[in-house]
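Q: Please take a close look at a single part of this structure. Explain each term when it comes up, and keep the account connected.

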Amino acid sequence: MTITIDPEQRHRFSGPEALIDLSAARHNLDLARAMAPGSKVIAVIKSNAYGHGVLRMAQALEAADAFALARIEEAVRLRQAGVGKQLLTLEGFFNRDELDAASRYQIEPVVSTPQQLSLLQQCRLQHPVCCWLKVDTGMHRLGFSVEQAVAAYHALRRCAAVRPPLRLMTHLACADDLQEQATERQLQRFQPLIDGLGGEVSIANSAALLAWPQTHYHWVRPGIMLYGASPLIGGRGETQGLRPVMTLTSHLIAINQCQRGEAIGYGGSWRCPESMPVGVVAIGYGDGYPRHAPSGTPLLVNGLRVPLVGRVSMDMLTVDLRTQPEASVGDPVVLWGRGLPAEEIAEAAETITYQLFCGVTQRVRFTEQAIG
Ligand SMILES: *Cc1c(COP(=O)(O)O)cnc(C)c1O
C-alpha cells in the first residue's frame, strides 16, 4: 500500500487544541448584562476561568464590573499580572497571611465563617479590606446562618480591619431547576436580612440570572454562561442566545478497516457489528476528554456527527466511520464547542459542562480566536 503525504501536512499540528473564541465571551457578557440590566456584573473566573485561561478571559471580559475567584492565590496572581479590577474571593481567606495579602492587593474577601470573623477582629491592617458577608440561606455549604448573620454583620461593621461598604451575599443551591421550590424558600429566608440590614446584595449565579429575575438585586455573579454553556438542567446555551467560547478539537491519526465481530480498544468492550472503518482520534482522558463517555457519544468528523465506540484511552479514542467512508487521516475532529454543544457531551458522560471545561489539561494547546 502506498500513501502519499501532502506536503502541506508536513508541519501541521494534529494534536488536541482548544480554540478560545474571545468574541463569544464578550457576546455572552453583553447578554448577561441585557438580562440583568439593573445589576452590576461580577464575572466568575475561578479555576483558571473554568479551564479557559484566566488571563485571556480577564482581558476578554474587561467590561465586567468585578471578577470573582475562589481563593486569594488566584486573585494575587491576577493582580501581579496587572489586572486592576475589583476582585472578590468567594472562599474569603484561609489564614492570616492570606488576609494580609487581601489587604496588600486590595482583594475583597467573602466572609462566611466565625474563624474568618475573629481573624479580622484580631488583626491590624494598614489598608482595611472591603468584605462581603455570606449568609447560608439553605445550601448548607458556606455562610453564617440567618440567625448568626445580624450579629456577624454588626461585628464586621465595627472591625477596624474592615472598610465599608459591607455587602450581603448568598448562594442558591437549586437555581438550575425551574421546578424546584428551594429557590423561593432561600429567597424568603434572605428577605428579612435584605430589608433589615440594607446595603448592596448579590444572589444570582448564571442559572438565577437567566431564570429567576427576582434574584438580580445589585450584583449578579455569572460564571458558566459567560463560557457559553447553559446552567439550566437540560438546557442548551444556544437556545438562550449564548455562544460557545471553547471548541475542543483534534484530528484523525489512523483509520482501520475492521471486520465484523472484531473488538475495539481496551477491554474489547465494543465489537464491530459488520465490516467497517474505525477512526482513531488523537485525544483522550489525558487531555481531559471524559473516560466514562460511553459508546454513542457524538463527535464531529469533518463537521458531521459520528459516534464514539469503545473505551476512551489516555491519548486516543475511536469512532465509527461507517457514515463517512471518505474520511481520511488528518481530517479535523470536534469534541465539543461550535456545532456540538458541550452540554450534550456532559449529559452523555453523566457530568456537567463545568467539569468538562475545568478538566482540559495542560497538554492541550490553547489558541485564541475572535470569530464574528
Ligand atoms: C462558582 C460560583 C458562581 C458562578 O456560578 P455559575 O453557575 O457558573 O454561574 C457564583 N457564585 C458562587 C458563590 C460560586 O461559587
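A: The part chosen here is the boundary between domain 1 and domain 2, which buries about 1,100 Å². Carbon and sulfur atoms give 66% of that area. Buried area is the accessible area (1.4 Å probe) that two parts lose on being put together, summed over both. On the side of domain 1, V245, F357 and E368 supply 49% of the area buried against domain 2, more than any other three residues.

The structure is a predicted model, in which local features need pLDDT of at least 70 and side-chain atom pairs count only at pLDDT 80 or more, while totals for chains, interfaces and linings use all residues. Residues are numbered from 1 along each chain as its sequence is written, and side-chain values use heavy atoms, with hydrogens and water left out.

Where do the two domains lie along the chain? Domain 1 is made of two stretches, 7-17 and 244-368, and domain 2 covers 22-228. These bounds come from an automatic or database domain assignment. The centres of the two domains, taken over C-alpha atoms, are 37 Å apart.

At the boundary, ten residues of domain 1 are in contact with 14 residues of domain 2 (contact: heavy atoms within 4.5 Å). One salt bridge is counted between the two domains; the term means a side-chain nitrogen of Lys or Arg within 4 Å of a carboxyl oxygen of Asp or Glu. The side chains of E368 and R56 meet in a salt bridge, with 2.8 Å from N to O. E368 is also one of the three residues named above for the area that domain 1 buries.

Two residue pairs are in polar contact between domain 1 and domain 2, both at pLDDT 80 or more. A polar contact is a pair of N or O atoms within 3.5 Å; within protein, one must be able to donate a hydrogen and the other to accept it, and residues adjacent in sequence count only if both atoms are side-chain atoms.

Which elements form the side of domain 1 that touches domain 2? Helix α11 (353-358) and strand β19 (365-369) each supply at least two residues to that side. Helices (H or I, at least four residues) and strands (E, at least two) are DSSP runs, numbered from the N terminus. Of the elements, α11 gives the most, with four residues.
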